[in-house]
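Visitor: Some terms used for protein structures sound like matters of opinion. May we examine how such terms are justified?

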Amino acid sequence: ALWGLSLIYATFTLSLGVFLANLALFLKSQSGMSDDQSFGITAAFISLSFTTPLLGGYLCDKFGFRNATTVGLAFSFFGMMCIILPGHFTLFLGLSLFLVGNALCTPAIWSLVAMLYHKHDVRKESGSTLFYMLFNIGFLISNFCSGFIMEKLGYFTFFIFGAPLFVGFIAFLFMRGRFKTYAEIQTGERNYKGKDSHGIGILIVISILVTPVCYILLNYVTINSILIWVTVVISFLYLFKISRGLEPEEAKRLKAFMVLCIVGLAYLVIFSSEFDLLPVYAQGNIDRLIGGIELPAGIVTSLDPAYCILIGFVYSALWIKLDKINKNPALPTKFAVGLIFASLGYLLLTLLVYTHMASTFSILWLLLVFLFFVSGELLVVPIGIAMAGKLSPEGKEGICMGIWNLMTGAAAVLLGYLADFTVVPATDTISQSNYAYMVVFAYIGVTVLLLGIIMFFCRGFVKRLL
C-alpha cells in the first residue's frame, strides 16, 4: 500500500512540479506579466495549494479518503488539460481546477499513508519519510525537465506532464480497494464513509462550486492573503474547541500539534522560497552556464527533490535504527534541528551574495546550499505528515493533515511579503539587485536560526505534551 500510494502520488507531483518550478517564469514569458504580477499570482497559487487542503481534509473525514483521492486526481488532470488552451481565462480556470484537485487528493493520500500504521508505531515516521522520498521522484523529473521543454513547446508542456497524472488516476481506480488502513486490517471491515457513488457525487458537486472561488482568489492576491490568515486563526480556534471535549492525554497531544505547526511555519518559509524566490533570483543573478549549456532558471528547484531521493532512505532507516537503541529524538527535537540546518543554507547564500555583490556566482554553489535546505526539510515536512497522523484525535486525521498543509500556505504568503523587497527597477545594476536579495536572505536565515535555537531549548516543554 505504501509503495502504491507513493507512486500514484508521484504522478501528481510530476504535474505539480511544473507549476512550482516554472509558474512565475511562465507567467512572465508566455503571458507577458510583470515581476510584481507573476510574484503575486505564484505566491497565491502556492499558498492556495497548501491552504485549500484544509477544506479537503474536512471533506475526507466526511466522505472518505478514497473518494476524495478519486475526485482530486480527476480534477487535477482536467486542470492540466485546460491550460493547454491559450488565453487568460483557460489559464486561470486550469489553475483553479488543479487547486481543487490538489485540495482533495493531497490530504487524502497523505492521511491514508499515515493511517497504514498504528498511531504510535515508530514506522509511521519511517514510512512517511519513505513516502516523501518516493513522491519527490515526480518533483525531480518535472523540475529538471519542464524548464527545457517549456522553452521549446510552451503551453503543450502541460499535456506532456498531465498525461502521467491520468495514468495515476486509472491506477488508483483499479487499486483503491487494496489501500487498507491499519484499523481496517485489524477489524476486517472496509471503512468507507457512505456509499462510494454517494460520496463521490457530493465531492464532485462541491468541487465544481469551489472552482470559481479559487479563480477569484488567484486574481485578487490581497483577498487571498487576508483569507489565509483568517483561516489560520479559525483553524486553531477550532482545534482549541475540540480539545476541550477530549480526554486529557488526547488534548495535550493536540496542543503539541498546534505548537509544532507554528514552529514548522518558520521552516516552510524557506521551503516555499525554493519554488518562488530562488528561480527568479537565479534567472538574473546566478551563472547557470555549465559545459557550454545555459541551464533554465527553474532547474534550481530540482535540487530539492534530488537530495530528498538521495538521502531520504538514510533518514527513513535512521528513525527505526535509533528507536531500537532508544535514541530516537522526539518530534520537537527533530523540528528544532531541522530549522537550524535549513537556516544555515540561507546564511551561506547570504555570504555568497555578499562576496559576489557586483557579479554572479556559479550555480554549483547551490549544491551545498540545498544540502542544508533538504537536511532540514527531512526533519520537518515528512515528520509533520507522521505528526498529523500521530497526534490527531480519532476521526480528525483529514482536517489535521489539512492544517499541516495550511502552514505551508501561510508560509508562501509570508514569502510573498518578503519578495516585494527584492523587486528593483530593470535599470538598476546587478549590485543593487544583489543587495536587495541579500537583505531578504539574511533576514530569513537569522530569524529561522534564532527560532530553531529557541525551540531546541524549549523542546522539553513540548515533549511533555506528547
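Guide: The questions below concern a predicted model.

Visitor: Why is Arg176 called buried?

Guide: Arg176 has 9% relative accessibility, and buried means under 20%, so Arg176 counts as buried. Arg176 is placed in the loop between helix H7 (157–175) and helix H8 (182–187).

Visitor: Why are helices H6 and H16 called oblique to each other?

Guide: The axes of H6 (residues 123–153) and H16 (residues 381–391) cross at roughly 135°. Angles over 145 degrees count as roughly antiparallel and those from 65 to 115 as roughly perpendicular; the crossing of H6 and H16 fits neither class, and the two helices are therefore oblique. Among the residues that make the contact are Phe131 and Tyr132 of H6 and Ile383 and Ile385 of H16. By class, this contact has seven nonpolar, three polar and three charged residues.

Visitor: What makes the pair of Phe19 and Phe45 tilted?

Guide: A search of the whole structure finds 30 aromatic pairs. In the pair of Phe19 and Phe45, the ring centres are 5.1 Å apart and the planes stand at 40°. Rings pair if their centres lie within 6.5 Å, and planes under 30 degrees apart count as stacked, over 60 as edge-to-face; the pair is therefore tilted.

Visitor: Why is this pair said to tie together parts that are 26 residues apart in sequence?

Guide: Phe19 lies in helix H1 (residues 2–29) and Phe45 in helix H2 (residues 35–51), so the pair links those two parts.

Visitor: How do you know that Phe45 is buried?

Guide: Its relative accessible area is 0%, and the cut-off is under 20%, so Phe45 is buried.

Key. Residues numbered from 1 in each chain as written. Predicted model: local features only at pLDDT ≥ 70, side-chain atom pairs only at ≥ 80, totals over all residues. Heavy atoms only, no water. Helix = DSSP H or I, 4+ residues; strand = E, 2+ residues; numbered from the N terminus. Buried < 20%, exposed > 50% of the residue type's maximum accessible area, 1.4 Å probe, protein only. Axes fitted to C-alpha atoms, helices over the stretch in contact; angles between N-to-C directions. Parallel < 35°, antiparallel > 145°, perpendicular 65-115°, else oblique. Contact = heavy atoms within 4.5 Å. Nonpolar A, V, L, I, M, F, W, Y, C, P; charged D, E, K, R; others polar. Phe/Tyr/Trp six-rings, centres within 6.5 Å; stacked < 30°, edge-to-face > 60°.
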